[in-house]
Amino acid sequence: MRGRFIVFEGIDGAGKSTQISLLKEKLEKEGRKVFLTAEPTMSVTGGILRDALSGNYERSASEFAAMFLADRIFHNVNPKCGINQALEKGFDVISDRYYYSSFAYQGMDSDIEWVMDMNLNCPDIRKPDLCIFLDLDAQSSKSRIDNNRATVEIFEQTEILNKIRNKFFDVFDRLENENIKIIDASKSVAEVSAKISDVVNELKEDLN
Ligand code: TYD
């Protein structure tokens, strides 16, 4: 039986890392095997993306979109560290970001229809079983980022964070047939974690 593919999304600072580790712990206590992964990946393209995200090298929104696409294909199919191989071995896969981020971030400055089409119609990009969107307002996210990080990336300014948050909602409205759950991330870590467990427990076991 294959594992379940769960994606976490949210603007920078929404608390994805904390909640991902908590979910991993909970699932492992229940006896499940968990494989944590993230985008950008550790591929060569992922490295180029990280360099561009830190502002070291300027890239257009379309370049970002195309590179995230290539990185996402690697993320799915890589035989050693990819999503497919882990699901097949029965691991629940939890990814920190996936194509919803491309739609929201690159969809702002590139053609959103194009970005969505190439991801959703790519035969090697799998649809998640569940997307959990941790929703936090831009100001709170910004203060969390400033308290926790030594370096700030190009998308981590309050005004931009607010635009991206709104874009995520626009994206969710455009997506049919996707299992997306929006969770209020301004609540305590324990409350958010309990809500996440609820939506994960609703997932069916007999996936194919
Ligand atoms: P990362 O360092 O992983 O930050 P975080 O922990 O906040 O997720 O940086 C990921 C950055 O890349 C984040 O600012 C969002 C951006 N991004 C895109 O613009 N498009 C994408 O498709 C993905 C996956 C991420």
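In this predicted model, the axes of helices α5 and α8 come within 9 Å of each other and cross at roughly 120°. That angle makes α5 oblique to α8, because angles of 65 to 115 degrees count as roughly perpendicular and those over 145 as roughly antiparallel, which leaves the values in between as oblique. The crossing in which α5 passes α8 is right-handed. On the α5 side, the residues that meet α8 are Tyr 100, Ser 101, Phe 103, Ala 104, Tyr 105, Gly 107 and Met 108, while α8 contributes Lys 163, Ile 164, Lys 167, Phe 168, Val 171 and Phe 172. Sorted by class, the residues of this contact are nine nonpolar, two polar and two charged.

How many of the 11 residues of helix α5 are buried? Nine of them are, so α5 (residues 99-109) is largely enclosed by the rest of the structure. The buried residues are Tyr 99, Tyr 100, Ser 101, Ser 102, Phe 103, Ala 104, Tyr 105, Gln 106 and Gly 107. Helix α8 (158-174) is one of the elements that cover them, and the cover also includes helices α3 (61-77) and α6 (112-120) together with strands β1 (5-9), β4 (130-135) and β5 (180-184).

Those three strands belong to an open sheet of five strands, whose order is β2-β3-β1-β4-β5 and whose pairing is parallel. Strands β2 (34-38) and β5 stand at the edges with a single partner strand each, so one side of each is left without a neighbour in the sheet. From one strand to the next, the twist averages 20°. Strands of a sheet pair through backbone hydrogen bonds, either parallel or antiparallel. The table lists three of the pairings in this sheet, each with one example of residues that stand opposite each other.

| Strand pair | Sense and bridges | Example of partner residues |
|---|---|---|
| β1 and β3 | parallel, four bridges | Phe 8 and Asp 96 |
| β1 and β4 | parallel, four bridges | Ile 6 and Leu 130 |
| β4 and β5 | parallel, five bridges | Asp 135 and Asp 184 |

Strand β1, which lies between β3 and β4 in the order of the sheet, has five of its five residues buried, so β1 is largely enclosed by the rest of the structure. In a regular strand the side chains alternate between the two faces of the sheet. In β1, Phe 5, Val 7 and Glu 9 are on one side, whereas Ile 6 and Phe 8 are on the other, and both faces are covered.

Helix α9 packs on this sheet, where α9 touches β1, β4 and β5, and the direction of α9 makes about 160° with that of β4. Which angle separates α9 from helix α1? Helix α1 (residues 16-29) and helix α9 (residues 189-201) pack at about 55°, with their axes 10 Å apart, and that makes α1 oblique to α9. The crossing of these two helices is right-handed. From α1 the contact draws on Thr 18, Gln 19, Leu 22, Leu 23, Lys 26 and Leu 27, and from α9 on Val 189, Val 192, Ser 193, Ala 194, Ile 196, Ser 197 and Val 200. By class, the contact of α1 with α9 has eight nonpolar, four polar and one charged residues.

How values were computed:
Residues numbered from 1 in each chain as written. Predicted model: local features only at pLDDT ≥ 70, side-chain atom pairs only at ≥ 80, totals over all residues. Heavy atoms only, no water. Buried < 20%, exposed > 50% of the residue type's maximum accessible area, 1.4 Å probe, protein only. Contact = heavy atoms within 4.5 Å. Axes fitted to C-alpha atoms, helices over the stretch in contact; angles between N-to-C directions. Parallel < 35°, antiparallel > 145°, perpendicular 65-115°, else oblique. Left-handed = near helix turned anticlockwise from the far one by under 90°. Nonpolar A, V, L, I, M, F, W, Y, C, P; charged D, E, K, R; others polar. Pairing = 2+ DSSP bridges.
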